[in-house]
Amino acid sequence: MPAEPRGAHGVTDSRATPSTHRGGATATAGVESIARRARREPGATDTALRHHFTVEHLRACFEAREGTKAPGIDGVTKAMYGEHLEDNHRALYQKLRPMAYRPQPVRRVEIPKADGTTRPLGINGTEDKIVQELTRGILEAIDEPGFCETSYGFRARRSCHEALRRLTRELMSAPVNWIADLDLAQFFDTMPHTDILAVLAERITDQQFVRMIARMLKAGVQTPGGVVQDELGSPQGSMVSPVIAHVFVDEVLDPWVATTVKAHCRGYGELIRDADDTRLVFEREDDAQRVMRVLPWRLATFGWRLNAQNTRLVPFGKRAAWRALHAGQRPPTLDCLGLTHDWGRSRRGLVRLKRKTSKQRLRRALVAINQRRRQERNERTLPDLWQAIARKMRGHFNSFGVTDNSTALWQCDHAVRRLVFTWLNRRSQRRSFSWESCRRYEARHPLPRPGPLVSLTPIWRTAPGRGLCGKPAGRLL
């Protein structure tokens with residue numbers, strides 16, 4: 001099946017989940033003109049970009065930033081920077097104009113992962129965030145029209161829900177029998193700076209703009225032992241890191257799959273990628289095995305490697321699921337983007353892909369809420385605690401509120417309310433809350449509830465013919 005052109009499926013696109021809210025619109029007239037030219041002239045180079053760094057554009061990027069974000073190594077928050085906003089913007093512009101701007105080192109924070117390890121997260125200063133926000137907008141305007149259609153995550157007007165919807169479409173309508181679940185180890189930390197700049201220079205001939213990105217990459221990381229500089233990677237958490245990673249992986253993986261892999265496959269094959277969560281779907285096992293043998297060599301050429309613990313080849317197709325269900329066996333499952341995908345039957349008895357929140361992700365969310373409430377129950381007032389709980393619940397419901405997952409959402413809702421009731425009663429030696437008083441307080445200050453689910457089911461139109469196992473076939477719009 002050839003890749004669908006952008007906007008070809010109007011009905012499906014109309015249900016697409018909007019991308020994550022960034023705090024406001026940052027697109028300026030100049031950036032929009034870059035995007036129009038990139039769509040009109042694919043492959044054209046951009047010779048002059050630094051004139052977009054004006055005081056007005058910097059102000060728009062500052063207003064788009066969220067005020068609750070953690071500060072960098074300088075400790076300057078958005079509110080503190082805004083006390084002398086015009087002077088700060090003009091001073092920043094005077095540094096950008098003669099290429100005197102030098103980014104500050106990134107403050108590193110270790111974020112715990114589900115497997116017990118940690119993920120390094122880089123936090124830039126407020127001034128660097130403003131410059132990187134405008135740089136990100138320019139890079140997206142240049143490279144967005146050329147990205148692969150099956151690439152999602154960290155892209156403008158795209159979300160993980162669209163990646164899940166595309167995976168559902170492939171499994172339900174395409175002849176898919178095998179899935180290669182790939183995990184790129186240290187996705188952001190192993191990209192060579194020289195290769196990154198070489199890829200960017202293919203579309204950007206403004207040498208000063210490329211030099212500024214090189215300074216961002218080489219700014220270094222602040223650690224307890226001092227500033228550490230490396231020739232690899234772009235700090236995860238930086239504003240420009242996602243778009244740089246997309247540009248780099250679009251050079252390394254996406255065109256290779258679209259041209260070389262598909263040309264040598266005997267059956268159907270497709271790539272579905274959400275940032276570093278990559279999945280290759282195949283019709284034939286021999287095609288999948290051959291690609292899995294070659295893929296590590298392809299990635300190693302550009303400094304990447306596969307995480308062997310999380311990379312696997314799974315027999316996960318509609319035909320095999322029908323045979324397993326018909327024999328009374330349980331089909332294999334697949335964890336993707338925090339959801340466990342498995343096969344079941346629809347109300348008509350047909351094989352259908354279903355999903356629910358994975359046990360690991362649900363347990364991790366509840367453990368995090370439990371620890372935070374235990375630490376903050378005596379540090380914050382009840383209204384502040386209630387607002388923090390509401391934000392956590394709302395974020396979980398927005399992320400996992402998809403088709404078939406209502407039961408897991410209500411389980412999370414009940415578990416969070418029990419945890420809240422438990423820790424609110426442990427703020428002192430006296431019991432301060434009963435279930436009745438808790439319900440009265442919630443009636444005045446309601447907590448979020450699981451709302452309408454985002455539909456991940458493709459829209460079908462009845463077509464002549466018979467499908468798998470003698471069932472009526474359908475055609476995807």
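Begin by selecting Phe 282 in this predicted model and displaying what surrounds it: apart from neighbours within four places in sequence, Phe 282 is in contact with Pro 175, Val 176, Asn 177, Trp 178, Ala 180, Val 261, Cys 265, Tyr 268, Gly 269, Asp 287, Ala 288 and Val 291. Widen the selection next to Ile 138, Phe 209 and Trp 304, which, together with Phe 282, touch the most other members of the largest nonpolar core, a set of 64 residues. A second core, separate from that one, holds 45 residues, and you can locate it by selecting Leu 385, Ile 389, Phe 397 and Val 416, which are among them.

Now zoom out to the whole chain in a cartoon view, where 17 helices and 14 strands can be traced. Of its 477 residues, 48% count as buried, and among the contacts with a separation of 6 or more, 70% are between residues 24 or more positions apart.

From this overview, turn to one sheet, an open one in which four strands follow the order 2-1-5-6 with mixed pairing. Strand 2 (118–123) and strand 6 (226–228) stand at the edges, and because each has a single partner strand, one side of each is left without a neighbour in the sheet. Looking across this sheet, you will find neighbouring strands turned by 45° against each other on average, direction ignored. Then select residues 106–112, which make up strand 1, and residues 221–223, which make up strand 5: the two run parallel and are joined by two bridges. Within this pair, Val 106 stands opposite Val 221 of strand 5.

The next stop is strand 12 (residues 351–357), where Thr 357 is to be found. Is Thr 357 buried or exposed? Its relative accessible area is 5%, and since buried means under 20%, Thr 357 is buried. Show side chains here, and a polar contact of 2.8 Å appears between the side chain of Thr 357 and that of Asn 405. Not counting residues up to four places away in sequence, Thr 357 also touches Gly 338, Leu 339, Thr 340, Leu 362, Phe 400 and Ala 408, with Asn 405 again included in the list.

Finish with two cysteines, Cys 148 and Cys 412, which can be coloured by accessibility. Cys 148 counts as partly exposed because its relative accessibility is 22%, whereas Cys 412, at 5%, counts as buried. How many disulfides does a search of the whole structure find? Such a search finds zero.

Conventions. Residues are numbered from 1 along each chain as its sequence is written. This is a predicted model: local features need pLDDT of at least 70, side-chain atom pairs count only at pLDDT 80 or more; totals for chains, interfaces and linings use all residues. Side-chain values use heavy atoms; hydrogens and water are left out. Two strands pair if DSSP finds at least two bridges between them. Axes are lines fitted to C-alpha atoms, for helices over the stretch in contact, and angles run from 0 to 180 degrees between N-to-C directions. A disulfide is a pair of cysteine sulfur atoms within 2.5 Å. Buried means under 20% relative accessible area, exposed over 50%, partly exposed in between (1.4 Å probe, protein chains only). A nonpolar core is a set of buried Ala, Val, Leu, Ile, Met, Phe, Trp, Tyr and Cys residues joined through side-chain atoms within 4.5 Å. Contact means heavy atoms within 4.5 Å. A polar contact is a pair of N or O atoms within 3.5 Å; within protein, one must be able to donate a hydrogen and the other to accept it, and residues adjacent in sequence count only if both atoms are side-chain atoms.
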